[in-house]
Amino acid sequence: MPISTLIQRTIIPGILRWIPKKPIILLLGSRQVGKTSVMLLLQNHLKNQNVPEKTTPYFTLEDPRILDICSQGSQDFVKFLTSQTGEIKETIYCFLDEIQYLQNPSGFLKLIADQYPQIKLIVSGSSTLQIRQKFQDSLAGRKIIFEIYPLDFLEYLRFKGRLNLLDMLSPQTDPQTLKFYASEFSQLYEDFCIYGGYPEAALEEARDDKIQILLDIYNSYIRKDIKDLARIENPHAFNNLLRILALQIGNLSNVNSLTKDLKINRLTLERYLFLLENPFIINRVPSFFTNRKKEIVKMPKVYFEDAGLRNLIINNFNSFSTRSDLGELLENAVYSQISKNKHALHTIHFWRTQSKNEVDFIIRKAEQELIPIEVKYQSFDSPHIPSGIKSFINDYTPKEAFVLTKDYFGQRTYLKTLIHFMPCWAFTPHFFNIHPAPS
């Protein structure tokens, strides 16, 4: 892939910071989220820092020749590497794509890291199921893992070539300026919510081409990486589970109801949920509670990492104006934005009381630092505070809260909490990382 065609990803600076510190950088993510592009962007950055080109070799284990060399062991690979780079007299930044094809990747990487400290390994894996099955050694102290996700909305704007709009989504931009471009932001955000953030789909303009790309991802990832590797014994129930979860995003996930509807036992259901959650298809969001008698404790909510894949499963690519699931779709989009950008030590929850007061999301930064977020995709005339936000503020007194609207900007103070009102598309990582936990 020519460097000139690559589009910057937000995660790049964070990875670059760790390359000098760890012998192994492991990039994990589902198929077609752009891991190879991330590796090539990292390679290009090193070259721009005057690192000699021959010391930044890239290999993919999808190449049978490279796979065969690696399978013979670490020493054979290092011999091959030196034939490409010359004698190792300086740091070699070796990029290995699709490491899951190796039978024993952890042993291979460990030997290189321990025996050849001048070799830095930047490694990718497309199937976390295969990685988990094959990584018998934890590589503790030798690696750091970065999870590569589909695009968030800011990256989506970059991939659509709308750098003027991307630059505007800053806390320093006057809301009046943003309002002037609101219709453009809204249309792009609608497309993002419907077709999702897989890079190849984002680069396409035609509706049918976007859907075909999503179908290809579904067929290769869900069917091959999950069903084949995990040996799903009841494909019918597994497919029905996917559809039920896709139809119920943002709702409480009741295990008893699911087992009854699918006619499978609880152990099988939990296994299927694990298989969907670990390769970045779904996420289960737990409740936030401090009072078991007052607040919902047990049942999580389910969200999809990518809305496009979710919409493919239910075969609904309709526009916002005709959707009956618009509220759930927007809620999933907000969840995805938070999930892809939150600090590693922060956690995402929802809040619901037995008396049915509710807040869509609670970002927990520290024991005493909570951020409630409510999605209200409506046109506001004034800063009306939802009852769930009021109830949460009464109980927990957070410093800040957010109400995400269709097109309204504003602020209001309730008790001692500053409540920000803004359109969903304007809710950028800055707002929920204002006071990040220490790294």
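In the hairpin of strands S8 and S9, five residues lie between the strands, and Lys 356 has a positive phi near 75 degrees. Helices (H or I, at least four residues) and strands (E, at least two) are DSSP runs, numbered from the N terminus. S8 and S9 are antiparallel and share five bridges; two strands count as paired if DSSP finds at least two bridges between them. Ile 348 stands opposite Ile 363 in S9.

The model is predicted, so local features need pLDDT of at least 70 and side-chain atom pairs count only at pLDDT 80 or more, whereas totals for chains, interfaces and linings use all residues. Residues are numbered from 1 along each chain as its sequence is written, and side-chain values use heavy atoms, with hydrogens and water left out. The pLDDT, which is the predictor's confidence in each residue from 0 to 100, averages 90 over the protein chain, with 93% of the residues at 70 or above.

The hairpin strands belong to an open sheet of six strands with mixed pairing, in the order S8-S9-S10-S11-S13-S12. Its edges are S8 (347-352) and S12 (410-414), each of which pairs on one side only. From one strand to the next the twist averages 25 degrees; angles run from 0 to 180 degrees between N-to-C directions, and axes are lines fitted to C-alpha atoms, for helices over the stretch in contact.

Moving inward from S8, S9 is joined to S10 by five bridges, and these two strands run antiparallel. Ala 366 has Glu 369 in S10 as its bridge partner. At the other edge, S12 runs antiparallel to S13 (residues 417-423), again over five bridges. Here Gln 411 stands opposite His 420 in S13.

Two helices pack on this sheet. Helix H17 (residues 326-341) touches S8, S9 (358-366), S10 (369-375) and S11 (400-405), and its direction makes about 5 degrees with that of S9. Helix H18 (residues 387-396) touches S8, S9, S10, S11, S12 and S13, with its direction at about 170 degrees to that of S10. Contact here means heavy atoms within 4.5 Å.

An open sheet of five strands has parallel pairing and the order S2-S3-S4-S1-S5. S2 (58-60) and S5 (143-147) are its edge strands, each pairing on one side only. The twist averages 20 degrees between successive strands. Within this sheet, S1 (residues 24-28) and S4 (residues 119-125) are parallel and share five bridges, and Leu 26 stands opposite Val 123 in S4.

Helix H2 (residues 35-48) lies across S1, S2, S3 (92-97) and S4, at about 170 degrees to S3. Helix H4 (residues 74-85) lies across S2, S3 and S4, at about 120 degrees to S3.

A helix pair can be followed separately. Helices H13 (residues 235-247) and H14 (residues 255-262) pack at an angle of about 135 degrees, with their axes 10 Å apart. H13 and H14 are therefore oblique to each other; angles under 35 degrees count as roughly parallel, over 145 as roughly antiparallel, 65 to 115 as roughly perpendicular and the rest as oblique. H13 contributes Ala 237, Asn 240, Leu 241 and Ile 244 to the contact, and H14 contributes Leu 258, Asp 261 and Leu 262.

Lower confidence is found at residues 435-439, where pLDDT stays under 50 and the model has twelve contacts beyond four places in sequence.
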